[in-house]
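Trainee: Before we start, could you take me through the reasoning behind a few assignments, setting each value against its definition?

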Amino acid sequence: MATVFIDGESGTTGLGIRERLGALPQVTLKSLPSDRRRDPAARRDIMAEVDLVVLCLPDDAAKESAAMAASLGAAAPKLLDASTAHRIAPDWAYGFAEFLPGQAAKIAQAQNVANPGCYPTGGIGLIRPLVDAGLLPADYPITINAVSGYSGGGKAMIQAHDETHGPAFELYGLGLEHKHVPEIQQYGGLTRRPIFVPSVGHFLKGMLVSIPLHLDTLPGKPSGADLHKALQDRYAGSDVVRVAAPQTDGKLEPEALNDTDVMELRVHANEQRRQAVLVARLDNLGKGASGAAVQNIRLMLGL
């Protein structure tokens, strides 16, 4: 039996993790009363009692909690951080188990693991296998377009859409400084900073991440089938990341994988025009957040 404390369990990701962990008989969840959740002494005490702490907090608060856990020395629990705070930190394992061979074992052995972002999970899942296969240069000028359900925007955005219906569709991050870009670049194996254009639609959850490519600008001028094979080779045997055939009607909607922890990857190519679009589809609250967190928790606790 393993014990887990979710620091910040009342947020969207925390609630999702709590629900999923509640279905695991090998895990006991520990909590603080609501009036003590901001009490540093109470939080430090409960951290000393558990095997693993999940940080579902804003970045600065996550850093403070990580320092608090580290101050326990030999009694420090394992940490899984769902914020952006430690995703490119060199002493934290990156919690995308499928993106590299051996990454799941690295997560299992780590003291501290950073849970990936939802957008980076789709982007890295598409990019890194092609970079490793030599089909996509590390300095290629990548553009990533993505749309997410509004649940990914936190409580304020959820409230705005639930109460006033929000905009039907909205681009954001147009200052080109989105906090996910460093993560995508580092774990995508890119030397050139990608352009990332996120957007949100008036639907609760679901996500599409797409990357357009001119095939004749790539080394060896690969076909769409070559790109598809490189993805298949990387994720062969995975139940979570699946490489699917392109949709025959040329359409793809974002909600088909809602309430699952699966991510689908596709290559849509026009060989006559020598163009392709790589597409990842996932539930931004599943493989993009809480589902990935519980996958990492199971690895870290040996469940």
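Trainee: What makes Cys-118 count as buried or exposed?

Mentor: This is a predicted model, in which local features need pLDDT of at least 70 and side-chain atom pairs count only at pLDDT 80 or more, while totals for chains, interfaces and linings use all residues. Residues are numbered from 1 along each chain as its sequence is written, and side-chain values use heavy atoms, with hydrogens and water left out. Buried means under 20% relative accessible area, exposed over 50% and partly exposed in between, with a 1.4 Å probe and protein chains only; Cys-118 has 13% relative accessibility and therefore counts as buried.

Trainee: Why is there no bond between Cys-118 and Cys-56?

Mentor: A disulfide is a pair of cysteine sulfur atoms within 2.5 Å, and the sulfur of Cys-118 is 14 Å from its closest cysteine sulfur, in Cys-56, so the two are too far apart for a bond. The count by this rule is 0 disulfides. Cys-56 is also buried, because its relative accessible area is 16%.

Trainee: What is the relative accessible area of Ser-151, and which side chain does the side chain of Ser-151 make a polar contact with?

Mentor: Ser-151 has a relative accessible area of 4%, and is therefore buried. Its side chain makes a polar contact with the side chain of Asn-284 at 3.1 Å, where the definition asks for a pair of N or O atoms within 3.5 Å and, within protein, for one able to donate a hydrogen and the other to accept it, residues adjacent in sequence counting only if both atoms are side-chain atoms.
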